[in-house]
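Please look through the structure below before reading on. The paragraphs after it explain some of its parts.

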Amino acid sequence: MITLVSRLWYWLKKVTVLLLIIWFGSVIVFKYVPVPFSAVMMERQISAWLNFNFSYVSHSDWVDERHISPYLYLAVIAAEDQNFPHHWGFDLDAIERAYKHNQSKKKTVRGASTISQQTVKNLWLWDGRSWVRKGFETAMTPVMEVLWSKTRILTVYLNIVEFGDGVFGVEEASKKFFNKPASKLSMEEAALLAAVLPNPHRYSVKSPSSYVLKRQAWILNQMHLLGGKNFLKINDVRPD
C-alpha cells in the first residue's frame, strides 16, 4: 500500500511539473503568437458534442491591436475594470467593495475579477465558480502580468472573450452583429458589446433588453469621464 501511494505521489509530481512547464511555455509563446483557441472555447465545443450538437463550432478570428477599434479597449476598461492600467492583476479596492456587498446578504453577488484574471480564466482554465479554479487563477495571474504588457493582456482578452452563444472574439462579434470588422466599431457599438460581457448567454447584442441599453448608456458616460481615447494614450494601453 505504501509503495502504491509512493508511486502515485511520484507520478503526480511528474505530471504537475510537466503541466507547469507547458503552461509557462504557453505564456511565453502567446506573448508574441496569436492565440488559436482558449480553454473555455474547448469546454463549450466538447459540451456541444456531448449533447449531440454537431453544428456548433467555437472559434475566434484573431486580430491584433491595430485592427481593433480603440473604442472597444476603452469600453471594456470602463465597463469591467477601470483600474486596469494601474493594478498588478488584482484590484484590492474592488475586492473589498465586493466583500462588503456580499456580506450584506443582498440578492445579487458581486464579483471583483479584473480583466487580467478573466483573461487567465478564459485562456487556461474553465468556466464556473469554484475555489479550486480561483486558486489557480490567483497563482497564474501575476505571472502573466509580469511577462505581458497591458496591451497584450487586453488584446488577448478581446480575441477570446464570448460575446454571445458561440460568438468568441471581437472580430467575429463585430461581423455577426454589425456587419463590419472590429477596426470600424463606433463608440456606441463598442459600449453595446461591452454591456453584455457580464453574461453573454443572458444578455443579447442583437436584441438588447432595457437593462443592456441602460448599461450601454452608463458605459458611454464612463468612457467620457475617463477622458475618451486619450485615456488609452496616457496609460499606454493601446498603440496609436
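What follows goes from an annotated segment to the core, a pocket, one residue and two backbone angles.

This is a predicted model, in which local features need pLDDT of at least 70 and side-chain atom pairs count only at pLDDT 80 or more, while totals for chains, interfaces and linings use all residues. Residues are numbered from 1 along each chain as its sequence is written, and side-chain values use heavy atoms, with hydrogens and water left out.

The unreviewed UniProt entry places a "transmembrane region" at residues 15–34; such positions are given in the numbering used here, feature names are shortened, and annotations may be inferred rather than shown by experiment. This span is 75% helix and 0% strand, and its end C-alpha atoms lie 27 Å apart. Helices (H or I, at least four residues) and strands (E, at least two) are DSSP runs, numbered from the N terminus.

The largest nonpolar core has 55 residues, and W124 and L154 have the most contacts inside it. Such a core is a set of buried Ala, Val, Leu, Ile, Met, Phe, Trp, Tyr and Cys residues joined through side-chain atoms within 4.5 Å; buried means under 20% relative accessible area, exposed over 50%, and partly exposed in between (1.4 Å probe, protein chains only). Helix α3 (residues 70–80) gives the most to this core, eight residues. A second, separate core of five residues includes V40, A48, Y56 and F168.

W124 also appears in the lining of the second largest pocket, where L19, W23, W124, L125 and M140 are the closest of 19 lining residues to the centre. A pocket is found on a 1 Å grid over the protein atoms alone, as an open set of points where a 1.4 Å probe fits, with protein on both sides within 12 Å along at least five of seven lines; lining residues have an atom within 4 Å of a point. The largest share of this lining, six residues, comes from α1.

T141 is in helix α6 (residues 131–147). T141 counts as buried because its relative accessibility is 0%. Leaving aside neighbours within four places in sequence, T141 is in contact (heavy atoms within 4.5 Å) with G89, F90, S116, Q117 and V120.

Most residues other than glycine have a negative phi. N179, in the loop between α8 (170–178) and α9 (187–195), has a positive phi near 55°. D236, in the segment after α11 (230–234), also has a positive phi, of about 55°. N179 counts as exposed at 70% relative accessibility, and D236 counts as exposed at 59%.
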